[in-house]
Amino acid sequence: MAAFFRAGLFSVDGRVACVTGASSGLGRAIATALAEAGAKVVGVARRADALEDWRSEAGGETAAVPADISKPAVAAAIATRVSAPFGPPDILVNAAGLNNRQSADDVTIEGWRTTIDLNLAAPFFLARALIPAMRLNGWGRIVNVASLQSARAFPGGLAYGASKGGIAQLTRAMAEAWSRDGILVNALAPGFFPTELTEPVFDDPALAAKHAAQTCIGRNGALADLVGPALFLCSDAAGYVTGQILYVDGGYTAK
Ligand SMILES: NC(=O)c1ccc[n+]([C@@H]2O[C@H](COP(=O)([O-])OP(=O)(O)OC[C@H]3O[C@@H](n4cnc5c(N)ncnc54)[C@H](OP(=O)(O)O)[C@@H]3O)[C@@H](O)[C@H]2O)c1
């Protein structure tokens, strides 16, 4: 009988992972899960104290690289720093992001630029700086973070929606560029999860309930809901999956 399952198929044990946005929310949950699953994890964010807090929570082998990656040149330049603690990353999770919720009539040039630079440019320029080492190994996994706003418009979502529509297409273009080198690029598209970024939603119980009702499952996301999909995309099990946007949204976009 053919053996399709093998031990380690879903494993990240021993891999080196870099997670941006590891100080908070979704990035922090994914960074913790990767460390719990045996990866050596380098977390990137601006707040050094919050990164140290994450490291205490995560246990395992972790390191912190405090940096503001909203400038694409800085995002590229930190490749050297994130490769220092454990060697070059095999896995990159681009979870740093912001949503300034400026309405269409009030979008500022600075607000637009910072959003596009952090949410869209940084994932590409950091990834590209890490590609040479992944290419040498013939193995890499890049996970971007898309959004319901990759496919839908929400109020105050001008710059954010543009960045998230962009990250969906960037994911396909990165997959087209690098998959033949063994570097697979996908995106997670979360529904509504309680984090610092979504405080304006979850601070408004009626709004949070409205979003929960829009899902097929009938509730908003919990951080643990992201762990399985994230680890899958980082593992050998996703070996023929690339250029895809995996909605982890309780069926929000199915309705
Ligand atoms: N929460 C949701 O429901 C949801 C849904 C769809 C998509 N997303 C996406 O998920 C990703 C994570 O968001 P979240 O909800 O987890 O929000 P969050 O809790 O606010 O986390 C954002 C992370 O980005 C980091 N960050 C922000 N600006 C940065 C900068 N200039 N340089 C480096 N790091 C920076 C923050 O760390 P520091 O402040 O320490 O720098 C923090 O770790 C974002 O891309 C967001 O668009 C979230």
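What follows is a walk through one helix, α1, its packing partners, the ligand shell and a residue in the loop that leads into the helix. The structure is a predicted model, and the positions named below are best read with that in mind.

Helix α1 spans residues 25-36, and a convenient place to begin is its packing against helix α8, which covers residues 227-234. The axes of these two helices come within 10 Å and cross at roughly 60 degrees, which makes α1 oblique to α8. The crossing in which α1 passes α8 is right-handed. On the α1 side the residues that meet α8 are Ala29, Ile30, Ala33 and Leu34, and their counterparts in α8 are Val227, Ala230, Leu231 and Cys234. Sorted by class, this contact of α1 with α8 holds eight nonpolar residues, with no polar and no charged ones.

Helix α1 also packs against helix α2, residues 48-58, at an angle of about 35 degrees and with the axes 9 Å apart, and here too α1 passes its partner in a right-handed crossing. Arg28, Ala31, Thr32, Ala35 and Glu36 of α1 make this contact with Trp54, Glu57 and Ala58 of α2. The residues of the contact of α1 with α2 divide into four nonpolar, one polar and three charged, whereas the contact of α1 with α8 has no charged residues.

Turning to the ligand, one finds 30 residues surrounding it, of which the closest are Gly25, Arg46, Gly97, Thr195 and Leu197. The elements that give two or more residues to this shell are α1 and α4, the latter covering residues 109-137, and α1 gives the most, with three residues. By class, the shell around the ligand is made up of 13 nonpolar, 13 polar and four charged residues.

Just ahead of the helix, the loop between β1 (16-20) and α1 contains Ser23. Is Ser23 buried or exposed? Ser23 has 25 C-beta neighbours inside 10 Å, and because a residue with 20 or more counts as buried, Ser23 is classed as buried. Leaving aside neighbours within four places in sequence, Ser23 is in contact with Arg28, Gly43, Ala45, Arg47, Ala50, Leu51 and Trp54. Of these, Arg28 and Trp54 also take part in the contact between α1 and α2. The C-alpha atoms of Ser23 and Glu52 are separated by 8.2 Å, although the two residues are 29 residues apart along the chain.

How values were computed
Residues are numbered from 1 along each chain as its sequence is written. This is a predicted model: local features need pLDDT of at least 70, side-chain atom pairs count only at pLDDT 80 or more; totals for chains, interfaces and linings use all residues. Axes are lines fitted to C-alpha atoms, for helices over the stretch in contact, and angles run from 0 to 180 degrees between N-to-C directions. Helices (H or I, at least four residues) and strands (E, at least two) are DSSP runs, numbered from the N terminus. Angles under 35 degrees count as roughly parallel, over 145 as roughly antiparallel, 65 to 115 as roughly perpendicular and the rest as oblique. A crossing is left-handed if the near helix is turned anticlockwise from the far one by less than a right angle, and right-handed if clockwise. Two residues are in contact if their C-beta atoms, placed from the backbone, lie within 7 Å. Ala, Val, Leu, Ile, Met, Phe, Trp, Tyr, Cys and Pro count as nonpolar, Asp, Glu, Lys and Arg as charged, and the others, Gly among them, as polar. A residue is near a molecule or strand if its C-beta atom, placed from the backbone, lies within 6 Å of it. A residue is buried if 20 or more other C-beta atoms lie within 10 Å of its own, exposed if 12 or fewer, and partly exposed in between; C-beta atoms are placed from the backbone.
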